[in-house]
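Visitor: I'd like a close look at just one part of this one, please. Take your time and walk me through it.

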Number of protein chains: 2
Amino acid sequence: MLNFNYSVPTKVFFGKNKIDLLAENIKKYGSNVLLVYGGGSIKRNGIYDNLIEIFNENDINFWELGGVKPNPRISSVRKGIEICQEQGIDIILAVGGGSTIDCAKVIGAGFYYNGDPWEIVTDPSKIEDSLPIATILTLAATGSEMNAGAVITNLETKEKLGTGHPSMAPKFSILDPTYTFTVPQKHTAAGTADIMSHIFEVYFSKTKGAYVQNRMAEALLKTCINYGTKALQEPENYEARANLMWTASLAINGLLSDGKETEWSVHAMEHELSAFYDITHGTGLAILTPYWMEYSLNKKTVDKFVEYGVNVWGINSDNDKYEIAQTAIEKTREYFNLLGIPSNLSEVGIEAEKLKEMAKQATRRGKLGNFKPLTKQDVLNIYKKAL
Amino acid sequence: MLNFNYSVPTKVFFGKNKIDLLAENIKKYGSNVLLVYGGGSIKRNGIYDNLIEIFNENDINFWELGGVKPNPRISSVRKGIEICQEQGIDIILAVGGGSTIDCAKVIGAGFYYNGDPWEIVTDPSKIEDSLPIATILTLAATGSEMNAGAVITNLETKEKLGTGHPSMAPKFSILDPTYTFTVPQKHTAAGTADIMSHIFEVYFSKTKGAYVQNRMAEALLKTCINYGTKALQEPENYEARANLMWTASLAINGLLSDGKETEWSVHAMEHELSAFYDITHGTGLAILTPYWMEYSLNKKTVDKFVEYGVNVWGINSDNDKYEIAQTAIEKTREYFNLLGIPSNLSEVGIEAEKLKEMAKQATRRGKLGNFKPLTKQDVLNIYKKAL
């Protein structure tokens, strides 16, 4: 197990009607709120009206930044910073999924940065502080509600990059599983795939002796597998939605990764798909993952795949090592298919002629990952197999 | 899954040489430190000398409260508060195991309480604030280094009671597994049993649908089982000590219990043993646990024991339900025996004539637990079987 510093300062208010705690918790930071949200689903499902009522009843002033897109744009961040500066915003409340939350975080950090906010995305070391962030989560997926990271897309430069700073961790997040009842099938599936991918990125690691982290990762993977399909079949199954929601937050807040060398190569490969084609992040991850697994399987890594197959999928440990590994990979692919996610990049509109450019972009900072380090050629090979 | 509020504000600096972060983190709170420690093991293993060096090099003033006993006494708390008031202490640094940390916490809270500190133990609602607490952990057991609770013993009234307040959660805790290399076998074993008991108290619950919490609990139980005996055999096995140390903290910081109705009946029964006989807490827990399990096994609870047996001990799920349950309980008892812990209360000096009084004391606030609620007579029955 490697040395680590663990810090998860975000308070989580989890469960039905936890929005009742919103006003008192906002008021700890002030009365001027920037409300950040996405495409308007919160207007259709009643959350927006509920919020306005709470703001009015509690003398909370608010300004709005709606229309934040999936793969949130740096242009939205710029708009948000402008509102914060003009209106004297005390706290930014993101209501939505990871894109909305990520956008809010970079607005918060950009508020204190003297320059264009894209510079703090390309170079997180320039971040010094952030306005307080709070979130109301409406999609179980990115885990952004409980960590200090954010991913922002620049359509002009075709870049999708991660940034982060401790000050960007939400002060509190309201996780009400009923808010995810209306999430459409496609996004429920992509969200579950996103959670699973976050776990894979830290589970498949060369670090020895991080036993407790590995067992917890398996616990969270089993939860995704148990409830992902259930949430598709029964969108209003509270138990399924609650387990997925809490698992999403725990999967990427440091609990599984602290003490380990981590991977993040599938995410890096997917970021190029989203940056070039604006596809749904979780869908891209689910397509790439089994191909990445197959490509990474070798005599140095096989034991980790055996651990995965036996502990997560219950494959008989007496079987041949490679047989266990290949069965585990096949089960992973089958599960993503059960979620209704296609198996190939061409099915989501990715074209062969862009693969080379994307592979180059994905590796512009060097090789990806440590478990099985990937060169530009490796990434291209995986893209091609996945096409 | 039940509604919950999750908050774990303690920063954890985990790993070898993390003491290098001590001075800068203390100085965030001030320069006057009350150093709280136990029987002197930190003088024998060099930690004390290292601390003094760090204090002197960094112009940190310190006062000492040594000699804190296992099952820490309210009398030590009173002494500590006196020092804090006289010397203008800014932060309390507990160096030791759970007893030392618990003592420090109640000193911190007692500092702000206008009255005898035993009153804030019997009635936690009287706590309003605490001096900042920091810890350097030297024993993997109670998890006090990452939560806001404390257990204090009053030998005069023969009471051992839990208290707590959010302000008592340590600001930071330094967890260096090498500091536990010199923990004697008996306390390594009792510590592991204590961790396992914390997990059992929240795992065995009637709450439905807390799937992710249950899988994480099993992950932590497997870690204890995997490394408890290893740490006995190889006291300087870093991997074993690290996994036990981190598991101890995660077992009782809210991660496993939030969202569930919890039990805590074995702890309540054990607290009487410690209050009457001053035995090692973890030893008492390990003796009582299998008897409590046997007593709690019935047609309402058997499925939970099956879950435990199959998922933690790998018992074949095709077997008869009661057979699985009983095998799982037997394996639990055998594991505690492997740790060198006796199976009966009489072996640690408990006498038959005190059982009735202890059962009365244990249930003075009413029945214990929810999974299988225990009356005074139930507690007496368990004590008798365990004798």
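Guide: Chain A superposes on chain B, with an RMSD of 0.0 Å, after a rotation of 180° with 0.0 Å of shift along its axis (a least-squares fit on the C-alpha atoms of residues with pLDDT of at least 70 in both copies). So the two copies are related as by a two-fold rotation axis. They also use the same surface: 100% of the contact residues of chain A turn up again in chain B, contact meaning heavy atoms within 4.5 Å.

This is a predicted model, so local features need pLDDT of at least 70 and side-chain atom pairs pLDDT 80 or more, while totals for chains, interfaces and linings use all residues. Side-chain values use heavy atoms, without hydrogens or water, residues are numbered from 1 along each chain as its sequence is written, and chains are lettered from A and ligands numbered from 1 in the order written.

Now zoom in on helix α8 of chain A, residues 211–233 (helices are DSSP runs of H or I, at least four residues, numbered from the N terminus). Here Arg215(A) and Glu218(A) make a salt bridge, their closest N and O atoms 2.8 Å apart; the term means a side-chain nitrogen of Lys or Arg within 4 Å of a carboxyl oxygen of Asp or Glu. Because Arg215(A) and Glu218(A) sit three residues apart in the helix, about one helical turn separates them. Over all chains, the count by that rule is 22 salt bridges.

Definitions and conventions: Helices (H or I, at least four residues) and strands (E, at least two) are DSSP runs, numbered from the N terminus.
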